[in-house]
Structures are given as structure tokens and as C-alpha cells.
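Student: I've got this model open and I'd like a close look at one part of it. Could you take me through that part slowly?

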Amino acid sequence: LSGTLRATLGEMRIDASGKLTLKGTEELHLTVSGKRLDHLGRLAAVRLPEVGPYKGEANLAIAPDSIRASELDAIFGKSHVLGTISVQREHERPVYTADLRAPVLHLEDLGLHVFVKTAGKSSGESAGEIADEASDAKRIEVLKRRLRAFDAKAALNVEGLYQEGQRYASLRTSLTLDAGDLQVVLRDMYVSGGKAEGGLHVDASGPGPRLHVRLVTRGFEFGPLAKALKPKTPLAGTLDLSLDLAFKGLERPLLGNASGYIDLAIFPHGLSVGAADYWGTGLLHVLQLGVDPAAESKLNCAVGVFDVKDGTLSSRAFFADTTRVRIIGELQANLATRQLSGRLSPHAKNPGLFTVAPSIGIAGTLESPQVMVTPASLITAPLRLFLPIRAFSQDWVNATGVPPDGSAGCRAAFKQARALGPEKPAAPTGPVDAFTNVLRAIFPF
């Protein structure tokens, strides 16, 4: 039986034509189009980005135990995705398979800033209030049911990732889901100036879901990604990062359950007052304005090597460089409450022309740190530095002839601090041209 269907549902248009048999469809060409992708999402009870117009077409093959959409061609906003999607229902759980290629994918079309806004706490709620909500257990049960409801295997190759019309990166990512065990692998992620790789593992096969996140970058240019998450942010720069965190549970605040390490070296620019509440950059402002406040001065770089245990982050080494000052320090933060404490020991690059306090206390939160007057008993007390890095830290902060831009010194400090600590994954190597997916957008706990 051959036939054609044309229908309109609100602003959505559906066109279908093909042949139908008693066993299903031999061939069916389906086209769906509309003005806004999020309006389509409302019909399917799925949150989709607020972009448009959209149009998707594919050849469908429908059988009693399977559905296959081949030659998929989807356009939404300025993005374009091609590939094949299928579902098999002959097993205990349905199995979804996808092989997708995106010649063009625009960060603006993904609506990441919307996901991040809904991921955090709502206005007026404290971290403690959220953690005490009875809905936390319900949310985890819903996640377990969803991850156990089906199996999946997917691959996505993004040939060109764009931000504000400029080509930003390319990447390949794969996903497998088997009986509640989800693994997402990010590989071959190239961005102008660097590369990144990472992975996310959620094991919901047992009574308590567990999460493991790993991310390694080198020369990662984070400005375009920062703008995708918060369009008006001026924050940009490059990031070298090695992160490995395991979470013993998914209760909120999620970072309160984390153990592992976070090692990073950040080389920022565009750091302004407007960025102070973004991703904990308030600490960077303290380094720039609290230690070297001159208008012509800037923060060149900051390096932190941190251990994380049961939600408490403790520095094994901390270095920073401004135009006129070098800084070492000790920092500790409760990642659940965001409370921050520590002490900085600055040293002027040219003591004859510029002097600084011998010790500065840090308090407050990661988002809003405060400079405190150091008690007299602690002004001359040595920092509690990780023993293998202690001598290097003192030599580094007291070095002479350091140029106004001490970025090279930060790179050397990062390399030395990681070399003297426990063995960790090396930064990825290879061609430069990486984008890493937003884990928080995938699992916004």
C-alpha cells in the first residue's frame, strides 16, 4: 500500500510518503520541519535548545522489532547533522544505535547556557537547603531507572565546531550504555592552540550510582566555550588541566562526594569585575587586585596542584604571577559549602621599587574570596607546603630578574609540581587545532 501524508501541528509540518505492508514499512521518507526546536521538544516532553528554524528528514524502515532511520539529514539553527539512528527491541531492553556526523555544529545552537542555568541552585537556595531536599533521592532513582531502561551505542564526529561564526574545534566522541553502566569517551578533540581528551563513567547498575570524571587538556582555549555557557562573559585564555575525580554518590552538592585530584595552570585574559562570579574566578581577582592592584598590572597566570578527599580540596602547590609580583600559597576549600581558606606569600619582582605584605590571608568562598589581615603570629610562619616542592617554591618566588610577563615561569612550576607528586596522566600530545564536551551539561547535578 503506497501513500502520502501531509499534516500540520501548530507550527510543525510533517510530510511522509512510502509503502506500507502488514509487516511494517518497506520504505518511508519522513520530513519534519518547524520554526523553533524547543517547541518541538515540548510536544515530546524533552528540553531542546531555543533555536530555529529546523528541518529533519530520513528514510524510515519499520519492522515489528526494529526501527531504522537512515540517511538522516537534520538542520537546526546554523548546524547540520547527518547519519543513521536505529532501535532494536528483540532483547531484554531496547538497544539504540547511532552513527552521526556533524559537518557544522554551532555552540549557540546547543543552548548550553540554558542547561548550566538549570543545573545549579535556584535563587535564594543555599547548598545545604538543596542537599536536604527529599527530592534528591527521588532524582537518583529516576536516573537509575532511565539508565537501566535501555542499552545504547553511539558515535559522533564533529568536523567543525563553531562559536560566533568562527571555527573553533573538531572532536570525536562515543557513548556506550549497557545495563545501567554508561561510559562517554571524548577523543581527538582539537582546538586552536591545544588538545584535550576525557571521559565520563556513570555506573548505575548497583544500588548506589557512582560517577567518575577524567579530563586532560593542554593549551585549551576556553574563551569560546565560556561564552557559550555565559554569552556576555569577557573571560578567555588557555588552560592546562589534569582532573580525575571519583564520586562516592550523586547526592547534592555533588562535589561534596568527590575524591581525586585537580591540577591546573590557567593563563587568563579578559579578567574583569564582571567575571568575578563565574567559575570561581573570584580567587583570580584577589590575586590581581589584592596583591598587585596597579592599573597597568595584570594576572599572567596561576598554577594549582590540588588533592581532593571527600569534598575537601587541599593544595600541594600554588603559584601565581602578576606584572610586578610572584606568589606562592596554601589553599583549602570545602567544595560542598564553597568555603575557602588559605594564605598567600607574595614577593615583589623588583623589591626596590615595589613592596608587598609578607603574608596575606584568604577567607570567604570560592566565588567571593576575601583578603584578610594575617595575625602577627603567622606573618613569618612558613607555609605548609608539600615537602618535595618546598625548596622549588621558595626558589621560584624569590627568583630575580623575572620579566613582567612570567608565564614561562608558571609553565615550569606546573611541570615541576606535577613531576614531584604522584604519577598522573600526561597531557595529550598531537596536532594542535581541542574541544572538550561539557560534562556538566550532560549530567547537571
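Student: How many bridges join β7 to strand β8, and do the two run parallel or antiparallel?

Tutor: Sure, and keep in mind that this is a predicted model. Strand β7 and strand β8 (residues 151–163) run parallel, and 10 bridges join them. If you want one pair to click on, take R101, whose bridge partner in β8 is N157.

Now look at what β7 does with strand β6. Strand β6 covers residues 79–88 and β7 covers residues 95–106. These two run antiparallel, with eight bridges between them. Here a good pair to find is G83 and its partner in β7, L100. To get from β6 to β7, the chain goes through a hairpin of six residues. So β7 has a parallel partner in β8 and an antiparallel one in β6.

Next, find helix α4, which takes up residues 135–149. You can check its length yourself: at 1.5 Å a residue, its 15 residues should span 21 Å, and the C-alpha atoms at its ends are indeed 21 Å apart, so the two agree. Which of its residues are buried? They are D136, R139, I140, V142, L143, K144 and L147. Look at the spacing in that list with one idea in mind: an α-helix has 3.6 residues a turn, so residues three or four places apart point the same way. In α4, the buried residues pack against three strands, namely β9 (166–178), β10 (181–191) and β11 (194–203).

Between β9 and β10 there is a loop, and A179 sits in it. Its phi is near 55°, which is a positive value in a residue other than glycine. That is worth a pause, because most residues other than glycine have a negative phi. A179 is partly exposed, at 33% relative accessible area. You can find another positive phi at E71, near 50°. E71 is in strand β5 (residues 66–76), and with a relative accessibility of 61% it counts as exposed, since the cut-off for that is over 50%.

While you're looking at the backbone, check the peptide bonds too. The one from G52 to P53 is cis, with omega near -5°, and P53 lies in the loop between α1 (37–43) and β4 (54–63). The bond from R252 to P253 is also cis, with omega near -5°. P253 is in the loop between β13 (236–247) and β14 (258–269).

Let's finish with a link between side chains. There is one disulfide, and it joins C301 to C410 with 2.1 Å from S to S. The link is right-handed, with 75° about the S-S bond. C301 lies in strand β15 (residues 299–309) and C410 in helix α9 (residues 407–419), so the pair ties together parts that are 109 residues apart in sequence. Are these two cysteines buried or exposed? C301 is buried, at 0% relative accessible area, and C410 is buried too, at 0% relative accessibility.

As for nonpolar packing, the largest core has 65 residues, and Y168, L211, L287 and L344 touch the most other members. There is also a second, separate core of 15 residues, with A317, W396, V397 and A413 among them.

Technical notes: Residues are numbered from 1 along each chain as its sequence is written. This is a predicted model: local features need pLDDT of at least 70, side-chain atom pairs count only at pLDDT 80 or more; totals for chains, interfaces and linings use all residues. Side-chain values use heavy atoms; hydrogens and water are left out. A disulfide is a pair of cysteine sulfur atoms within 2.5 Å. Helices (H or I, at least four residues) and strands (E, at least two) are DSSP runs, numbered from the N terminus. Buried means under 20% relative accessible area, exposed over 50%, partly exposed in between (1.4 Å probe, protein chains only). A nonpolar core is a set of buried Ala, Val, Leu, Ile, Met, Phe, Trp, Tyr and Cys residues joined through side-chain atoms within 4.5 Å. Two strands pair if DSSP finds at least two bridges between them. The expected span of a helix is 1.5 Å times one less than its number of residues. Contact means heavy atoms within 4.5 Å.
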